[in-house]
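Let's take a walk through this model, helix by helix and ring by ring. Keep the structure open beside you as you read.

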Amino acid sequence: MRASEYLQTFTYPEDEKRPPLFSVLLLIKLHEDPVLAGRIVMIFVSLINLFLLYSLSSKILKFLNYKSGISKYIPLIVTFLFSVSPLYLYWSLGIYADNLFLTFLFLSFNLYFNFLVSQKGIQKLLNIVLLSLISLLAILTRFEGYLIFGSLLLSLFISVFIYKNLKDLKYFLIFGLVTFGLIFIVSYFDEYTFYENPLVSKYV
């Protein structure tokens with residue numbers, strides 16, 4: 001909340017340990033009370049997360065070609081169990097960047113499964129470019145966004161160089177170059193996210 005107040009004057013607190021995207025989201029004023037406004041935003045984000053998890057669960061089952069009498073209910077069960085977990089309820093009821101980061105995590109996995117099952121080159125290319133954008137947004141939300149980028153890049157690397165799917169080589173290169181290019185461009189405007197040490201917190 002404090003960082004959002006700084007952003008209204010086009011500044012950012014030097015002792016803030018979070019990248020700025022979440023604070024930018026909290027600039028959305030849905031209520032005069034900033035705390036209530038933030039919680040309303042988090043409710044919307046939480047609902048999006050549940051939809052993305054349901055979608056991801058369905059795609060995993062389809063990708064694995066898993067079929068049983070209850071297979072069509074598994075995504076719904078997974079989503080319900082996740083929605084009532086204490087940790088997720090804690091994130092959803094509070095104003096935390098973790099919830100928004102989870103959105104980008106689920107979205108990136110959804111896009112990656114879309115990439116895996118896509119038959120047309122243009123669809124694969126579109127998914128890869130979107131993955132680059134989502135990776136950047138995840139990095140701008142939490143420093144752990146680098147792990148999303150790294151895991152996706154590693155998966156493509158294994159596909160190309162271990163399993164010899166050389167047709168994916170161009171997508172491996174595009175994903176790496178586009179993401180690094182976006183990071184380089186955004187770092188010109190946001191030095192904090194890309195040059196501060198994420199392991200050091202200046203909070204007392």
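## A buried asparagine

Start with asparagine 99, which sits in helix H6. This is a predicted model, by the way, so read every value here as computed from predicted coordinates. Asparagine 99 counts as buried because its relative accessibility is 0%, and the cut-off for buried is under 20%.

So who are its partners? Leaving out residues up to four places away in sequence, asparagine 99 touches Met42, Val45, Ser46 and Asn49, and also Tyr88, Trp91 and Ser92.

## Where H5 meets H6

Tyr88, Trp91 and Ser92 turn up again when you look at helix H5, which covers residues 86-93. The axes of H5 and H6 come within 7 Å and cross at roughly 110 degrees. That makes the two helices roughly perpendicular, since the range for that label is 65 to 115 degrees.

On the H5 side, the contact is made by Tyr88, Trp91 and Ser92. H6 answers with Asp98, Asn99 and Leu102. Sort these contact residues by type and you get three nonpolar, two polar and one charged.

Tyr88 has a second role, too: together with Phe82 and Phe106 it forms one aromatic cluster.

## Where H3 meets H4

Phe82 from that cluster also appears in the contact between H3 and H4. Helix H3 spans residues 34-63 and helix H4 spans residues 74-83. They pack at an angle of about 145 degrees, with 8 Å between their axes, and H3 passes H4 in a right-handed crossing.

From H3, the residues involved are Leu50, Leu53, Tyr54, Ser57, Ser58 and Leu61. From H4 come Ile74, Pro75, Leu76, Val78, Thr79, Phe82 and Ser83. The split by type is nine nonpolar, four polar and no charged.

## H6 alongside H8

Back to H6, which runs over residues 97-117, and on to its packing with helix H8, residues 145-162. How far apart are their axes, and at what angle do they pack? The axes are 10 Å apart and the angle is about 15 degrees. That makes H6 roughly parallel to H8, because an angle under 35 degrees earns that label. The crossing is right-handed.

Phe101, Leu105, Ser108, Tyr112 and Phe115 are what H6 brings to this contact. H8 meets them with Gly145, Ile148, Leu152, Ser155 and Leu156. Here the residues divide into seven nonpolar, three polar and no charged.

## From H8 into H9

Further along H8 you'll find valine 160. Is it buried or exposed? Valine 160 is buried, at a relative accessible area of 0%. Setting aside neighbours within four places in sequence, valine 160 is in contact with Asn165, Leu166, Asp168, Leu169 and Phe172. Its C-alpha atom is 9.6 Å from that of tyrosine 171, which is 11 residues away along the chain.

The loop between H8 and H9 is home to lysine 164. Its phi is near 60 degrees, a positive value in a residue other than glycine. Lysine 164 counts as exposed, with 60% relative accessibility.

## Rings around phenylalanine 172

There are 11 aromatic pairs in the structure. In one of them, phenylalanine 157 and phenylalanine 172 have ring centres 6.0 Å apart and planes at 55 degrees, so the pair is tilted. Phenylalanine 157 lies in H8 and phenylalanine 172 in helix H9 (residues 169-189), so this pair ties together parts that are 15 residues apart in sequence. Phenylalanine 157 is partly exposed, at 36% relative accessible area, whereas phenylalanine 172 is buried, at 15%.

Phenylalanine 172 also pairs with phenylalanine 161. Those ring centres are 5.9 Å apart and the planes sit at 85 degrees, so this pair is edge-to-face. It links distant parts of the chain as well: phenylalanine 161 is in H8 and phenylalanine 172 is in H9, 11 residues apart. With a relative accessibility of 38%, phenylalanine 161 counts as partly exposed.

Notes:
Residues are numbered from 1 along each chain as its sequence is written. This is a predicted model: local features need pLDDT of at least 70, side-chain atom pairs count only at pLDDT 80 or more; totals for chains, interfaces and linings use all residues. Side-chain values use heavy atoms; hydrogens and water are left out. Axes are lines fitted to C-alpha atoms, for helices over the stretch in contact, and angles run from 0 to 180 degrees between N-to-C directions. Helices (H or I, at least four residues) and strands (E, at least two) are DSSP runs, numbered from the N terminus. Angles under 35 degrees count as roughly parallel, over 145 as roughly antiparallel, 65 to 115 as roughly perpendicular and the rest as oblique. A crossing is left-handed if the near helix is turned anticlockwise from the far one by less than a right angle, and right-handed if clockwise. Contact means heavy atoms within 4.5 Å. Ala, Val, Leu, Ile, Met, Phe, Trp, Tyr, Cys and Pro count as nonpolar, Asp, Glu, Lys and Arg as charged, and the others, Gly among them, as polar. Buried means under 20% relative accessible area, exposed over 50%, partly exposed in between (1.4 Å probe, protein chains only). Rings of Phe, Tyr and Trp (its six-membered ring) pair if their centres lie within 6.5 Å; planes under 30 degrees apart count as stacked, over 60 as edge-to-face and the rest as tilted.
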